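Biologist: Before we go through this model together, could you show me how to read its features one at a time, giving the general idea and then the case at hand?

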Amino acid sequence: MKHILTLHDRIRHHFKKGGRLHSIEPLFDAIDHFAFTPATCTHTGAHIRDAIDIKRVMITVIYALIPCFLFGTWNAGYQYNMAHGIPDATFVDHILRGIIIVMPVIIVSYAVGGFWEVLFACVRRHPINEGLLVSGFLFPLILPPTIPLWQVAVGITFGIVIGKEIFGGTGMNVVNPALLSRAFLFFAYAKSMTGNVWIASHGDQIVDAVTGATPLGILSALPAGTTTADAIASGQIDFMQMFLGVIPGSIGETSTLACLIGAAVLLITGVASWRIMLSCVIGLLATASLVNIFGSSPMAQLPPYYHLVAGGFAFGAVFMATDPVSSAATNIGKWIYGFLIGFLVIIVRVVNAGFPEGVMLSILFMNLMAPLIDNVVVEHHIRRRRKRA
Amino acid sequence: MTLHISLKQMGRDCGMEFKITKGFDVALEGKPSDTITDLPSCKTVALYPLEFTGVRQRLLVEEGDQVTHGQALLENKTATAFKLRAPAGGTITEIRRGERRFVDRILIDVDDGAEAERFDRYTPEAIQKADRQAILDQLVRTGYLSFIRKRPFSHRADPEVRPKSIFVNAMNTAPYEPDAERVVADDPQAFQAGLDLLTRLTDGAVNLCIGDNAGDTLTTAERVAVSRFTGPHPAGNTSVHIAHVDPMKPTDVVWTVKAVDLVLLGRLFLDGTLPTSRIISVAGPGVRPDARHYYRLRLGGDLTPLLKTALEPGTMRLVNGNVLSGEAIPQDSFLKLHQSALTVLEEDGERHFLGWTMPGLDQMSFSRLFASSWLRPNRRWKLGTNTHGEERAMVLTGYYDRVVPLNIMVDYLVRAVLAGDTDEAIALGILETDPEDFALCDVICPSKVDVQNIIRDGLRQIEEEGI
């Protein structure tokens, strides 16, 4: 370790002002500070500082995502093997197949996203932000396993550049970059993001019996005469399967269980807001109960708790809605923000026939609304202060 | 209104209790023990004129002049009654000028036989009936008015204004300020005299705010309203006391004073001469364990002999005051008039391998992201000056609010100041605060933002613009 440190110290001057490689100083700093915490001492303000830094915060989110990633890798392989009629494939086969499907997506996301981050950091001379570690990992996990790699590259480029860097980088963005990337692909290349895209396959080798539709897809396209209750009774929609996530879907978001493990990590370490997660769930259950009473479409008839495990809700509520930069910042604002996400998810799922899934759009929409909510809360706070005076 | 008054009355009679829940006690190693050591008298003393902010200096002496103890060395050009006086009699050996030619240090070679300037002397009973103007005149004349600060802005009190109330801070939760009980118990008569003269300066209450470990001297103080605060830092900050006992409105002026300074004010009026010494705490991980206690030191006295024996080896940072909001001072310092504590910690440039993912059993954190937060909750930490990370954009929200027990939305206050929106900052309550209230935000911030400085800049800007 000492050798690495000495090596860094020996070549550091090349990257300082006047050095030959000054233009890529942020890159050197990022690598240097990745290996060792910086040696800086306090100059102003409090003389002592907490050991926490943004690197540690971001890496904790990555750790929280690992259950989703591992399960998603297995599931992608499993779904592939099932679809190709290889029922005697072992656990290891599923994992290996999953790695072949998932890893390229993650590598492309990090490589392309990293390129833009480093480029902007070097040109604008700001440090390379750790936010990319999270965005570059979140994005692949919300893509279908069949996504073409060039679309991954285009998507993350849009998310990082238009979603984040033009606002000034991590901390200044209005919406969640990973979600924006996905929304971009969803609207620009709809064919890759909808329909039977949820199982990785090689051309037409798919076994006929497998449709590859997600539970929400099944519901939104129920044949006439069949009710939601029939679909549940026939096992087409199975709560336990949806909870565990052994269903077709985006790479990392099928398993509610894996999301719950991630949520536990985020809440125990205090990195994500419990207020947002809880209010998302309350908003979803409350609205679903209402449409359950008044609605008559198959989606409206789905028992409310099924919505918790359906689609990307769990993943969205745990990892996307809680992004502190794009969510509401005030405590009361967080309650309102989360509740409305849950509310909108149900509204999109039930009312809009075009989109069986509404989590992505609900969160993006509420990202845009978050500053407004906060503004109202702050104004209210100021009015109360004035009244006291 | 009636309810308000009766509550206030009750508070005065039986003492109010306030439990503060938000906050964080930084468990810094090096708590001072209770002993007081008398240091041998110094050969040289210093006066630091820049301690007295807002003074337009006019120098009244030259190098080589003989001065008496308490003789005026400088006066304020804009209000000439306000003088800065010699902490000891002797010969002026150095007048050092710093930035923009301001006098930043005057050294005096002490002559113990030198005469002392006489001021008005009071008996303890006379102070209770003393004339407000006479007290103020003496405070202004001696420069000791600077021990009394006013809110908003925490400047020297303005003698022309009658404060709504006066808050005496007799508890301090920041590491490490002297324990008020320990210091005032050394001279209870002067402390009570100090409280009595404060009661003459306001028509409202003199609020004595004490902690849960306050001893007899504090709890039996007379003619004041005693409030007791418990909880983690910043439960001992004056802003917290004001907000809980008697919240300020935008037009209010409140005066504040530290209990440990009040002893000096009391002595001045009881003796009729400037006090010669004060008790300071010397603490922190940079001080040798056997040297971490209280010292009685001549005012303006040379710290070097003490530092020579008391410090641990290594490069140390000396802090005037506590490690959260004190100022770093050079190694060849003398005791400042307003200094009640010296905290020492190591200049720590150590780099930790893969700091972003190591379990961190040896790292102090308010967050729950390190193994130490779970496995070593009661440990005292040998902290240095390392920032443990680089500055980043502010990412986590609502994090600061966990350590600020005031009705303040810290994130939004900080943003308002950064955006230069002073109206918004005032509306969000910046005038009820002091930079020190945000010291813990500096400490716990994952983005390594200096919140104290931001608030200080905001207050300065508001003052320049005028409210």
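Biologist: Is Cys441(B) buried or exposed?

Modeller: A residue is called buried under 20% relative accessible area, exposed over 50% and partly exposed in between, using a 1.4 Å probe and protein chains only. Cys441(B), at 0% relative accessibility, is buried. This is a predicted model, in which local features need pLDDT of at least 70 and side-chain atom pairs count only at pLDDT 80 or more, whereas totals for chains, interfaces and linings use all residues; side-chain values use heavy atoms, leaving out hydrogens and water. Residues are numbered from 1 along each chain as its sequence is written, with chains lettered from A and ligands numbered from 1 in the order in which they are written.

Biologist: How many disulfides does the structure hold?

Modeller: A disulfide requires a pair of cysteine sulfur atoms within 2.5 Å, and the structure holds 0 of them over all chains. Cys68(A), for instance, is in no disulfide, the nearest cysteine sulfur being that of Cys259(A) at 3.8 Å. Cys68(A) is buried at a relative accessible area of 1%. For Cys441(B), likewise in no disulfide, the nearest cysteine sulfur belongs to Cys445(B), 8.2 Å away.

Biologist: How many salt bridges are there over all chains?

Modeller: Side chains of opposite charge can pair when their charged atoms come close. The rule asks for a side-chain nitrogen of Lys or Arg within 4 Å of a carboxyl oxygen of Asp or Glu, and the count is 34 over all chains. One of them joins Arg292(B) to Glu29(B), with 3.4 Å from N to O. This pair links distant parts of the chain, 263 residues apart: Arg292(B) lies in the loop between strands S16 and S17 of chain B, and Glu29(B) in the loop between strands S1 and S2. Helices (H or I, at least four residues) and strands (E, at least two) are DSSP runs numbered from the N terminus. Arg292(B) is buried at 10% relative accessibility, while Glu29(B), at 25%, is partly exposed.

Biologist: Which residues are linked in a network of salt bridges?

Modeller: Asp9(A), Arg12(A), Asp32(A) and Arg351(B) are linked in such a network.

Biologist: What is the mean pLDDT of chain B?

Modeller: pLDDT is the predictor's confidence in each residue, from 0 to 100, and its mean for chain B is 91, with 97% of the residues reaching 70 or more. Over residues 1–13 of chain B, however, pLDDT stays under 50. The model as scored has ipTM 0.90 and pTM 0.91.

How values were computed
Contact means heavy atoms within 4.5 Å.
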